[in-house]
Amino acid sequence: MPSGRLLPTAALLLAMLAGGLPAPAQAREKNPTQVTGLPVPRFVTLRSGEVNLRTGPGVRYPVEWVFTRKEMPVEITAEFDTWRRIRDWEGSEGWVHQSMLSGKRGVIIKGEQRAVRKEPATDAATVARAQPGVMGWLSKCKGEWCQVDLKGYKGWLKRGDVWGVYPDEKFE
């Protein structure tokens, strides 16, 4: 083949990559179930102290529950347009508008009273004791330990002692 000439398929491909030809119709259409491009599921927190949990993605669906704990961690399990299906730490699920959610990461103590440690080790000094249901902010995780801030008490908890972070998730 003489140099400087492209095969017709290669020329067509280059024209499409350069924007010279329109993309297929389905590539241009927005998929309402993958709006953000962020991973699903993922953890976020409630932005307000009053968040309506609806039975479906829209204001025409009835309110099934009202969350009243601002900054409570929830898990996004689905997206549809501007609506997110969420689940709380007790398993309640429903739809909320995206404006009611924050990307800040929080945790909630689960199980029983937990010792918050000064360092990520079971023999480290205890800086606080946290009851189940206490909420705080997630700072980072190293292996099986996560650094948290529980109402000003900063320390480390085992990953399995909190709800709001996945078992193998890297969080820094």
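## Briefing on a predicted 172-residue model

Of the 172 residues of the protein, 35% count as buried. The model is a predicted one, with two helices and 14 strands as its secondary structure. The average pLDDT is 86, and 80% of the residues score at least 70. The points below cover confidence, overall figures, nonpolar cores, the disulfide, salt bridges and two individual residues.

**Confidence**

- Residues 1-28 have a pLDDT that stays under 50.
- For residues 1-28 the model has nine contacts beyond four places in sequence.
- Where pLDDT is low, the predicted coordinates should not be read in detail.

**Overall figures**

- The protein exposes about 10600 Å², of which carbon and sulfur atoms supply 52%.
- Taking contacts between residues at least 6 apart in sequence, 53% join residues at least 24 apart.

**Nonpolar cores**

- In soluble globular proteins, nonpolar side chains tend to be buried together.
- The largest nonpolar core in this model has 15 residues.
- Leu46, Phe67, Met72, Val74, Ile86, Val96 and Leu101 are the residues with the most contacts inside this core.
- Strand S1 (42-46), strand S2 (51-54) and strand S4 (73-80) each supply at least two residues of the core.
- S1 gives the most to this core, contributing three residues.
- Ile86, one of the core residues named above, touches Leu46, Leu53, Phe67, Val74, Glu75, Ile76, Thr77, Ser92, Glu93, Gly94, Val96 and Leu101, leaving out residues up to four places away in sequence.
- Another core, of 14 residues, lies apart from the largest one, and includes Val107, Ala128, Cys146 and Val165.

**Disulfide**

- The count of disulfides comes to one.
- The disulfide joins Cys141 to Cys146, with an S to S distance of 2.1 Å.
- The link of Cys141 and Cys146 is right-handed, with 100° about the S-S bond.
- Cys141 and Cys146 are both buried, and Cys146 is also among the residues of the 14-residue core.

**Salt bridges**

- Side chains of opposite charge can pair when their charged atoms come close.
- The count of salt bridges comes to seven.
- Asp161 and Arg114 form a salt bridge in which the closest N and O atoms are 3.1 Å apart.
- This pair links distant parts of the chain, 47 residues apart: Asp161 is in the loop between strand S13 (153-158) and strand S14 (162-163), and Arg114 is in strand S9 (residues 114-117).
- Asp161 counts as buried because its relative accessibility is 16%, under the 20% limit.
- Arg114, at 17% relative accessibility, therefore counts as buried.
- Arg42, Glu79 and Arg84 are joined into one network by salt bridges that share partners.
- Within this network, Arg84 forms a salt bridge with Glu79, the closest N and O atoms being 4.0 Å apart.
- Arg84 and Glu79 are both buried.
- Arg87 and Glu93 have side chains that meet in a salt bridge, at 3.5 Å from N to O.
- Arg87 counts as partly exposed because its relative accessibility is 27%, and Glu93 counts as partly exposed because its relative accessibility is 37%.

**Glu75**

- Glu75 is in strand S4, which is one of the strands that supply the largest core.
- Glu75 has a relative accessibility of 8%, so Glu75 counts as buried.
- Leaving out residues up to four places away in sequence, Glu75 touches Pro41, Arg42, Phe43, Arg85, Ile86, Arg87, Trp163 and Tyr166.
- Among these contacts of Glu75, Arg42 belongs to the salt-bridge network with Glu79 and Arg84, and Arg87 is paired with Glu93.

**Val66**

- Val66 is found in strand S3 (residues 63-67).
- At 36% relative accessibility, Val66 counts as partly exposed, because the partly exposed class runs between 20% and 50%.
- Apart from neighbours within four places in sequence, Val66 is in contact with Glu50, Val51 and Asn52.
- The C-alpha atoms of Val66 and Leu53 are separated by 5.7 Å, while the two residues are 13 residues apart along the chain.

Technical notes: Residues numbered from 1 in each chain as written. Heavy atoms only, no water. Core = buried A, V, L, I, M, F, W, Y, C linked by side-chain atoms within 4.5 Å. Buried < 20%, exposed > 50% of the residue type's maximum accessible area, 1.4 Å probe, protein only. Helix = DSSP H or I, 4+ residues; strand = E, 2+ residues; numbered from the N terminus. Contact = heavy atoms within 4.5 Å. Disulfide = S-S within 2.5 Å. pLDDT = per-residue confidence, 0-100. Areas by Shrake-Rupley, 256 points an atom, 1.4 Å probe, with all protein chains shown as cover.
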